[in-house]
Structure formats: C-alpha cells, structure tokens
Amino acid sequence: MAQHFLQSKAARSLCLAQVFRLTDLEAETKFREIRWSETQGEAVCPACGSLDAYSARRPSGLLRFRCKAKECRKDFTITSGTLFAAHKAPLRAYLAAIAVFINEVKGKNALALSRDLGMSHKACWVLLHKVREAMAEEFKGRKVGGAGKVAETDGAYFGGYVRPANFKENRRDRRLWINQSGKRQSVVIVRERNGESVPAVFKSEGAALAWIKSRIQPGTIVNADEAGGWDGLSSKLEMKRINHKEAYSDGEACTNQAESYFSRLRRGEMGHFHHVAGPYLLRYAQEAAFREDARRVDNGTQVRKVTELALHRGPSVDFSGYYQRHIKAA
Ligand SMILES: [Zn+2]
C-alpha cells in the first residue's frame, strides 16, 4: 500500500524545536518578511504607505516605527493593523501556536495549547479563534467548479445537543423539533472534487440553496444525496443524485469527499471542541475546510500561509480587544 502523505518526509518541513529556538530578533525578521514581502521586510507605514520610518525599541524590547512622512508621523509595529495587533505574547509564541495548530490535523484544543505554550487558557482560546479567522480569509468570495468539473454538496447538523433525561418516564423524542434546544444549525459544504471547498452555516439545509448556487461556477456537475432538501438545486445546476440507502458510490454519483469533510469536522467536535454551537460554528467549519483542502500540503507551507493570511488582513472582527473587554474583567 502506498505510504500516506502524513507519514512521508515531504509532510514535515517545519519542526517545533526550530520555532522554539528562534531568538526574538529572528522571529521578528520572519514576521517582517511575511508582512512586508514586497519590500523584503522593510517597514511600510500602514497609514500612508511611506517606506521611510524611524525605528526604536521600547524598554520592553518591542520594536516600534514612526513614519517620517511630514503629514503622517504615525507610530506602528510589525503587527499594527493586522489580526495580531496589540499582541501580548512574544511573536515566537504566535508562530509556535500556529505550528502546533497546523500539526494537529483534526483540531487543537485551547486547553492543550495552553499547556504546550505555558500561556493562560483564555489567551490561547482567543489566539486559536484568531487563527481560525485568518483561515476564513481563504473562503471569501470563493466559487468552485467550472465547465466539465464536478462538485459535491452536502449538509450536516451540529450543536444543540439535548441530554436525555435520567428517568425513562421523563425522556422525550429528541428527534422532534419541539424537544430540541433551538441551537442546532446546519453546516453545508460545497466541494470541488479533488479541488477546493467552501463551507457555510444555516438554520436548515433548505435555507442554503441560494448560497450553494452562488458558490458553484456555471457548467459544473453537482453531486448530492437523495435528501429532498436538494431538489431545488436542479433548476439551475446539472445534478447527479446518489441514494445512500442503496450505495455510497454507484460509479456515477457520490458525495464521498463532502462526507470526508464532515468526518473531520465531527471528529474535531467530539475530540477537541466538544460544543460547537452558536456564532463560532462557522469558524470551526472553516477551520475543517482549510485543513481538508491542505491535507496534502507540508506543515511549513501551511504555517506560512496562515501567518500570511493573519498579517495581510485587518484586526480581528470577533476578538479585537476581546481580552480587555471580557477577560481582564472576569
Ligand atoms: Zn505614514
């Protein structure tokens, strides 16, 4: 049997020992090269784009720049205006956190990361959500498929688990809507066969139809299972349906790659995250899609990609100042 990619040498291009051995200056240089790749790491003022800046170190060692442009004179750091703006931990810890997160191919729990890095659980929890936000950048506006290409779509419910009552006489049929918590949501995936994916979250699978159509290029052949919810897709897309009661693949149609995405997300839910409900479900869904799409990419390339995404986008939407607003007060 052929060797699995993750067992091959090609999968291991970065090891944690290398990251931990980085000096502060080396970590800084890596971040500069990634953030300001067009200028080989030379500082670019985020306010006016000037390449001319004074640099000085704070007593804490933090490197700060001041723009020399007369009208600007803004102060900035390597992470100003990025996802890691106002970071507390050393930059090396951010690289290490991303590397640990990438290495756990089915997800990394924030408590385990806090033990790995010697940081608080809450700081790690926020940090991992920022890494997920960076991964989410990949899916903005993405459309899959194209003429002659094949895509698969499917949905699965997550969240809103209702614990069965202790005594038999108190138990209810948890399949019925009336006995559910109202927190259950449907993750829907659109995945090009042997290509890229896009996930989204909806109240129900039926609510996802317009979104699915908007994320698939014209001319794509779309595979879905026999669930009635997908019937509405055939008005705009060429469909192939597979009845899972009969077979998982009949040589014509199958949704196995969509299923393998859900398998990864479900394992992350059961093994690491435990409760994936509410507003963060989309982030977990995007994390699983990023991992699924990058499953044959070596870990060093993935760490660099996530760091790039984090440094080339604005501050966190979910967590900017979260630490100050929620955690210091708690
Ligand atoms: Zn400036």
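Which helices cover the buried residues of helix 3? In this predicted model, the cover of those residues includes helix 1 (16-21), helix 2, helix 4 (110-117), helix 5, helix 8 and helix 9. The report begins with the chain as a whole and then returns to these helices.

## The chain as a whole

The protein chain contains ten helices and eight strands. Its C-alpha trace spans about 70 × 55 × 50 Å along the principal axes. Of its 330 residues, 45% count as buried. When contacts between residues at least 6 apart in sequence are considered, 64% of them join residues at least 24 apart. The accessible surface amounts to about 17,700 Å², and 51% of this area belongs to carbon and sulfur atoms. As for charge, the chain carries 55 positive and 36 negative side chains. The centres of these two sets are 6 Å apart.

## Helices 3, 8 and 9

Helix 3 is largely enclosed by the rest of the structure, because eleven of its 13 residues are buried. The buried residues are L91, A93, Y94, L95, A96, A97, I98, A99, V100, F101 and I102. From first to last C-alpha, helix 3 reaches 19 Å, close to the 18 Å expected at 1.5 Å a residue.

Helix 8 is likewise mostly covered, with eleven of its 13 residues buried. Among the buried residues of helix 8 are L281, Y284 and F290, and also R283, E287, R291 and E292. The end C-alpha atoms of helix 8 are 18 Å apart, in agreement with the 18 Å that its 13 residues should span at 1.5 Å a residue.

Helix 9 covers residues 299-311, and the 18 Å between its end C-alpha atoms agrees with the span expected for 13 residues. Its buried residues are N299, G300, Q302, V303, V306, T307, L309, A310 and L311. They pack against helix 2 (24-35), helix 3 (91-103), helix 5 (121-136) and helix 8 (281-293). In general, an α-helix has 3.6 residues a turn, so residues three or four places apart point the same way. At the start of helix 9, a side-chain oxygen of D298 comes within 3.3 Å of the backbone nitrogen of G300.

A polar contact links helix 5 to helix 8. R132 is placed in helix 5, and its side chain makes a polar contact of 2.6 Å with the side chain of E287. E287 is one of the buried residues of helix 8. Is R132 buried or exposed? R132 counts as buried because its relative accessibility is 2%, under the 20% cut-off.

## Two buried residues elsewhere

I212 belongs to helix 6 (residues 209-214) and is buried, with a relative accessible area of 0%. Apart from neighbours within four places in sequence, I212 is in contact with T153, V188, V190, W230 and L233. The C-alpha atoms of I212 and A200, twelve residues apart along the chain, are 9.2 Å from each other.

V198 lies in strand 6 (residues 197-202) and is also buried, at 1% relative accessible area. With residues up to four places away in sequence set aside, V198 touches F139, R142, V144, V188, I189, V190, W211 and R215. V188 and V190 thus appear among the contacts of both I212 and V198. The C-alpha atoms of V198 and F76 are separated by 35 Å, with their positions 122 residues apart along the chain.

## Residues with positive phi

Most residues other than glycine have a negative phi. Two residues with a positive value are set out below.

| Residue | Phi | Location | Relative accessibility |
|---|---|---|---|
| R73 | near 55° | loop between strand 2 (63-67) and strand 3 (75-76) | 40% |
| N194 | near 60° | loop between strand 5 (185-192) and strand 6 | 66% |

Which exposure class does each residue fall into? R73 counts as partly exposed because its relative accessibility is 40%. N194 counts as exposed because its relative accessibility is 66%, over the 50% cut-off.

Technical notes. Residues numbered from 1 in each chain as written. Predicted model: local features only at pLDDT ≥ 70, side-chain atom pairs only at ≥ 80, totals over all residues. Heavy atoms only, no water. Helix = DSSP H or I, 4+ residues; strand = E, 2+ residues; numbered from the N terminus. Buried < 20%, exposed > 50% of the residue type's maximum accessible area, 1.4 Å probe, protein only. Contact = heavy atoms within 4.5 Å. Areas by Shrake-Rupley, 256 points an atom, 1.4 Å probe, with all protein chains shown as cover. Lys, Arg positive; Asp, Glu negative; His and termini not counted. Charge placed at Lys NZ, Arg CZ, Asp CG, Glu CD. Expected span 1.5 Å × (residues − 1). Polar contact = N/O pair within 3.5 Å; in protein donor to acceptor, adjacent residues only side chain to side chain.
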